Amino acid sequence: MSFDTGTDALARLTEERVDHRFKGLPPDAEGLTVGELAAQRRNLFSDGFATPVLALSAERLEHNLALMETYTERHGLAFAPHGKTSMAPQLFRRQVEHGAWGITLAVPHQVRVARAFGTRRIFLANELVDAAALRWVAAELERDAEFRFVCYVDSVRGVELMDAALQGSSRPVDVVVELAAGEGARTGVRTEAECAAVADAVAGAAGTLRLVGVAGYEGEVPRADPDRVHAYLRRLVALAADFDKAGRFAGTDEIVVSAGGSAWFDAVADVFADIPELSLPVLKLLRSGAYVSHDDGRYREVTPFNRVPEEGALEPAFRLWAQIVSRPSAEQAFANAGKRDAAYDLDLPFAQVIRRAGTERPATGVSVTGLSDQHAWLATTPEADVRVGDWVGLGLSHPCTSFDKWQLIPVAEADGTVVDYVRTFF
């Protein structure tokens with residue numbers, strides 16, 4: 001198991017009291033526990049929720065979880081979805097229940113959150129050189145024999161810092177050499193020769209580090225297109241094969257080969273299907289994370305399912321509900337949600353529906369043209385029927401910067417019945 005089924009930390013989330021910390025929740029729910037509020041099965045639109053309020057679709061969330069489970073099984077991939085997308089341990093648990101090997105994370109704080117809620121397998125898609133964090137990881141490895149932790153290395157200097165911080169540890173930290181996606185890409189070792197030098201450094205720190213594989217992020221390939229992405233992934237696979245031939249994976253029982261953002265996981269599936277037979281079993285580890293909520297913008301455009309529609313389709317699970325608070329002219333309106341509530345780093349929100357008196361219709365003639373801290377600027381054409389007091393449902397772009405603005409997110413069924421609340425930890 002990649003999750004500690006004995007932990008009661010998740011259960012304790014239902015005991016947290018609802019109060020002023022949580023945006024959008026009904027004011028008259030003050031003092032109830034989250035579990036008590038969920039048991040009331042209130043309606044998002046008629047039972048006291050205040051705008052702005054972000055909601056997740058219960059049905060679409062489950063659809064996305066199930067789709068990626070079947071996709072990774074079909075392609076023989078292990079799956080460690082990137083938890084930095086949601087930072088929601090309840091969703092981590094559901095991802096593991098839907099077949100995930102473990103959870104990918106990016107920084108030490110996120111690892112601490114995941115461990116606090118029982119995650120047993122963590123892939124840190126970053127080089128970890130902070131001495132305090134490394135000592136904490138070493139203590140966790142010593143405390144829990146079933147804890148599996150893997151992280152990047154991408155420099156000899158990084159290996160030296162890790163080795164120094166981990167002196168005296170009882171278990172070595174498993175590491176994978178990160179191969180950069182190209183010149184000008186983000187992190188990672190730029191050349192295969194430099195990768196070998198980093199691997200040599202890991203071998204020299206045998207008491208504290210153990211080389212278990214290679215990894216990278218194809219989403220950083222410069223001028224990415226299918227040919228360039230496939231070529232990079234083939235380099236990654238060849239690096240693993242070269243390392244294996246040189247005997248660099250002695251001391252481990254499987255070889256980790258990992259890649260996979262949310263835009264090119266079909267390419268990862270294609271190339272990883274052709275990984276040659278190596279001296280040990282290969283853990284083909286995909287890390288895509290945005291799928292869990294998907295979106296109405298960036299990831300709707302770049303999802304690999306657009307290229308392979310026969311394999312299914314993800315569904316956008318987020319909707320931000322705001323209220324029209326000003327209608328100063330026939331061409332303009334303002335809603336009470338802004339940068340504090342909605343993702344805006346990739347695209348502005350998208351006006352999708354208008355609700356009035358329990359009736360919902362398309363937001364025809366309404367578009368978001370800008371965001372202030374607490375207002376959405378709406379342009380309205382003559383066919384737009386928008387009044388002060390209406391609710392407007394907004395689609396969002398970029399899950400990672402949508403989750404992080406909300407500490408407690410209602411999960412609503414199609415009729416508006418709220419059946420759960422997702423707690424985030426950013």
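**Figure 1. Cavities in the predicted model.** A cavity is a set of grid points where a 1.4 Å probe fits but cannot get out. The model shown here and in the other views is predicted. Its largest cavity encloses about 60 Å³ of space. In total, the structure holds two cavities of 30 Å³ or more. Glu-178, Leu-179, Ala-180 and Ala-181 contribute to the wall of the largest cavity, as do Ala-185, Arg-186 and Thr-187. Tyr-217 and Glu-220 complete this lining. By class, the wall has five nonpolar residues, one polar and three charged.

**Figure 2. The second largest cavity.** This cavity holds about 40 Å³ of space. Its lining includes the aromatic-ring residues Phe-265, Tyr-291, His-294 and Tyr-299. Ser-262, Ala-290, Thr-303 and Leu-314 line the cavity as well. Five of the lining residues are nonpolar and three are polar. No charged residue takes part.

**Figure 3. The largest pocket.** About 730 Å³ of space lies in this pocket. Its lining has 31 residues. Lys-84, Arg-186, Tyr-217, Gly-261 and Tyr-299 lie nearest the centre. Two elements give two or more residues to the lining: strand E4 (121-127) and helix H11 (298-302). H11 supplies the largest share, three residues. The lining divides into 13 nonpolar, eleven polar and seven charged residues. Arg-186 and Tyr-217 also line the largest cavity, while Tyr-299 also lines the second largest cavity.

**Figure 4. The second largest pocket.** The volume here is about 410 Å³. Of the 20 lining residues, Ser-57, Arg-319, Trp-321, Glu-413 and Ala-414 lie nearest the centre. Strands E1 (53-57), E10 (318-329) and E12 (350-356) each give two or more residues to the wall, and so does helix H3. Ten lining residues are nonpolar, three are polar and seven are charged.

**Figure 5. Helix H3, a contributor to the second largest pocket.** H3 covers residues 58-74. Its 17 residues should span 24 Å at 1.5 Å a residue, and the end C-alpha atoms are 25 Å apart, so the two values agree. The buried residues of H3 include Ala-58, Leu-61, Leu-65, Leu-67 and Met-68. Asn-64, Glu-69, Tyr-71 and Thr-72 are buried too. An α-helix has 3.6 residues a turn, so residues three or four places apart point the same way. Gly-76 follows H3 and has a positive phi, near 65°.

**Figure 6. Helix H4 and its packing partners.** H4 (residues 89-97) is mostly covered, with seven of its nine residues buried. The buried set is Pro-89, Gln-90, Leu-91, Phe-92, Arg-93, Gln-95 and Val-96. These residues pack against helices H1 (9-13), H3, H5 (108-116) and H12 (400-403). They also pack against strands E3 (103-105) and E18 (418-423). Just after H4 comes Gly-99, with a positive phi of about 95°.

**Figure 7. The largest nonpolar core.** In soluble globular proteins, nonpolar side chains tend to be buried together. The largest nonpolar core of this model has 114 residues. Phe-149 and Phe-272 have the most contacts inside it. Helix H9 (residues 226-245) gives the most to this core, eight residues. Not counting residues up to four places away in sequence, Phe-149 touches Val-111, Ile-122, Leu-124, Leu-128, Val-137, Leu-141, Val-173 and Asp-174. Another core, of 18 residues, lies apart from the largest one. Phe-22, Leu-25, Val-34 and Tyr-421 are among its members.

**Figure 8. Helix H9 in its setting.** H9 has 20 residues and reaches 28 Å from first C-alpha to last, close to the 28 Å expected at 1.5 Å a residue. Its buried residues include Val-229, Leu-233, Leu-236, Val-237, Ala-240 and Phe-243. His-230, Tyr-232, Leu-239 and Asp-244 are buried as well. The packing partners of the buried residues are strands E6 (173-178), E7 (209-215) and E8 (255-259), with helices H8 (192-203) and H10 (265-272).

**Figure 9. Ser-258 in strand E8.** Ser-258 sits in strand E8. Its relative accessible area is 0%, under the 20% cut-off, so Ser-258 is buried. Beyond its neighbours within four places in sequence, Ser-258 is in contact with Phe-123, Val-214, Ala-215 and Gly-216. Leu-236, Phe-272, Leu-285 and Arg-287 are also in contact with Ser-258. Leu-236 is one of the buried residues of H9. Ser-258 and Arg-287 are 29 residues apart along the chain, yet their C-alpha atoms are separated by 7.5 Å.

Technical notes
Residues numbered from 1 in each chain as written. Predicted model: local features only at pLDDT ≥ 70, side-chain atom pairs only at ≥ 80, totals over all residues. Heavy atoms only, no water. 1 Å grid on protein atoms, 1.4 Å probe; cavity = no way out; pocket = protein on both sides within 12 Å on 5 of 7 lines; lining within 4 Å. Points joined across faces, edges and corners; volume = space filled by probe spheres on them. Nonpolar A, V, L, I, M, F, W, Y, C, P; charged D, E, K, R; others polar. Core = buried A, V, L, I, M, F, W, Y, C linked by side-chain atoms within 4.5 Å. Buried < 20%, exposed > 50% of the residue type's maximum accessible area, 1.4 Å probe, protein only. Helix = DSSP H or I, 4+ residues; strand = E, 2+ residues; numbered from the N terminus. Contact = heavy atoms within 4.5 Å. Expected span 1.5 Å × (residues − 1).
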